Amino acid sequence: MSTRKNRMQPDQQSRHYDGNRAPQNYEGDDRVRRNPNTSRPPSKNKKRRKKRRRRMKFLLFLEIIVILIGILFGLYYFVFSKLQQDKINMTDVVINDIQDENISNYRNIALFGVDSQTNDLGAGNRSDAMIVASINKKTKEVKLLSLYRDTYVNVDRTEGSELTKLTHAYSFGGPKLAVSTINQNLDLNITDYVTVNFKALADTVDLLGGVDLDIQEAELGNLNDYIGNMNKINGGNSPKLTHGGLQTLDGNQAVAYCRIRYVGDGDFRRTERQRTVIEQIVAKAKKTNPITLSKIVKQVFPQTMTSLDSLDVLALAKDVFGYEIVETKGFPFHTTGTKLSGIYYGIPTTLESNVIEAHNFLFGTESYTPSDTVKNISNQIINYTGIQ
């Protein structure tokens with residue numbers, strides 16, 4: 001006997017469901033159907049999950065902020081614990097009554113390189129290099145003005161004013177008197193400085209992998225003498241050069257190159273060499289990696305003294321890759337060498353006209369009128385030397 005299977009009709013099958021599954025809607029059903037485009041009200045669990053996710057994102061954000069603050073603090077400590085911070089009050093340095101509206105658009109800093117065989121960078125050391133770095137606040141363009149060390153200027157010592165070499169100011173009264181002397185004789189408004197010794201410059205060059213310089217055959221003898229001298233002062237065994245031409249110099253060799261004085265127009269060419277090395281250092285530093293920069297900070301900063309505080313250094317450092325040295329010159333632009341009482345001096349001809357030219361070079365000021373202070377010093381130099 002055949003068994004007949006009980007099959008549901010299609011309409012009956014669509015109506016059939018168990019108690020564990022929600023019924024399906026179908027046409028003709030008298031139950032209310034939900035519009036699929038209408039969202040269900042969120043449950044309490046969903047609200048809690050959303051609130052928890054927001055809380056976690058906020059905590060993650062706080063953690064990132066704390067980590068960044070920690071990194072910045074560590075960097076701050078790493079950098080500024082290495083600096084020799086000058087405790088001298090530089091706000092009361094001498095500044096003349098300057099009538100130059102353009103000067104406010106520039107940040108002017110004095111750079112000194114001293115002939116110090118110890119880590120003492122203060123008074124008692126003669127400034128072997130003196131450079132005014134003028135930074136355009138808007139464009140970040142930098143101009144370097146080297147100051148010839150033998151320039152005949154007025155120096156206001158504690159014992160009284162005297163006409164003498166510009167380089168003596170640092171030796172007599174350290175960076176404060178040196179900055180005041182530069183301001184007084186050039187109508188500048190400098191209140192900050194950075195001083196380094198020979199070894200700081202040599203170490204920087206070595207860490208950057210050397211600098212490429214075109215050595216003249218006539219410079220070799222004087223250069224090699226200074227290389228031997230720098231090996232004694234800084235330590236090391238830098239070889240003497242055997243030929244002229246373009247070549248890579250290490251730290252002691254580069255410093256020796258900066259010190260050449262008796263070849264190629266004396267101090268004029270010497271300061272030009274110094275500016276060339278500085279330009280090379282800046283160019284290589286902008287292309288180097290953070291590891292090398294941190295090594296420079298660690299090794300060189302202890303050999304540096306400055307009036308700049310931490311905020312000043314950070315403000316300058318954040319734009320370091322935007323700075324560009326666009327022009328360099330030496331001061332005085334016009335000078336006459338002579339001996340007074342058997343000592344060589346560079347006499348500015350005249351100081352007043354050279355200051356006018358300096359303001360045009362540094363700040364683009366045309367027809368600058370020097371202060372009465374500069375005019376008086378200029379006249380004193382003319383009256384004493386007879387040179388104008």
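I took buried to mean under 20% relative accessible area, exposed over 50%, and partly exposed in between. The model I worked from is a predicted one.

**Entry 1: Lys137**

I looked up Lys137 with those cut-offs in hand. Its relative accessibility is 46%, so I entered Lys137 as partly exposed. I found Lys137 in the loop that joins strand S3 (127-136) to strand S4 (141-147).

Which residues does Lys137 touch, leaving out those up to four places away in sequence? I noted Ser104, Asn105, Tyr106 and Arg107. I then looked at Ser104 in particular. Ser104 and Lys137 are 33 residues apart in sequence, and their C-alpha atoms are 9.0 Å apart in space. The Lys137 side chain reaches the backbone oxygen of Ser104 at 2.9 Å.

**Entry 2: Gln253**

Is Gln253 buried or exposed? I recorded Gln253 as buried, because its relative accessible area is 5%. Gln253 sits in helix H6, residues 251-259.

I checked what the polar side chain atoms of Gln253 find there. One of them lies 2.7 Å from the backbone oxygen of Pro239. Pro239 is also on the list of residues that Gln253 touches, not counting those up to four places away in sequence. The others on that list are Leu223, Ile227, Ser238, Leu241 and Thr248.

**Entry 3: helix H4**

I went through helix H4, residues 198-207, for buried positions. I wrote down Phe198, Ala200, Ala202, Asp203, Thr204 and Val205 as buried.

I also looked at both ends of H4. At the N-terminal end, Asn197 acts as the cap, with a side-chain oxygen 3.3 Å from the backbone nitrogen of Lys199. Just after H4, I noted that Gly209 has a positive phi of about 85°.

**Entry 4: second largest pocket**

I looked up the second largest pocket and noted a volume of about 220 Å³. Its lining is made up of 13 residues. Which of them lie nearest the centre of the pocket? I listed Asp150, Gly266, Asp267, Phe268 and Tyr344.

I then sorted the lining of this pocket by residue type. Five of the residues are nonpolar, four are polar and four are charged. By element, helix H7 (266-287) and strand S13 (343-348) each give at least two residues to the lining. H7 has the largest share, with three residues.

Key. Residues are numbered from 1 along each chain as its sequence is written. This is a predicted model: local features need pLDDT of at least 70, side-chain atom pairs count only at pLDDT 80 or more; totals for chains, interfaces and linings use all residues. Side-chain values use heavy atoms; hydrogens and water are left out. On a 1 Å grid over the protein atoms alone, a cavity is a set of points where a 1.4 Å probe fits but cannot get out, and a pocket is an open set with protein on both sides within 12 Å along at least five of seven lines; lining residues have an atom within 4 Å of a point. Grid points are joined across faces, edges and corners, and a volume is the space filled by probe spheres set on the points. Helices (H or I, at least four residues) and strands (E, at least two) are DSSP runs, numbered from the N terminus. Ala, Val, Leu, Ile, Met, Phe, Trp, Tyr, Cys and Pro count as nonpolar, Asp, Glu, Lys and Arg as charged, and the others, Gly among them, as polar. Buried means under 20% relative accessible area, exposed over 50%, partly exposed in between (1.4 Å probe, protein chains only). Contact means heavy atoms within 4.5 Å. A polar contact is a pair of N or O atoms within 3.5 Å; within protein, one must be able to donate a hydrogen and the other to accept it, and residues adjacent in sequence count only if both atoms are side-chain atoms.
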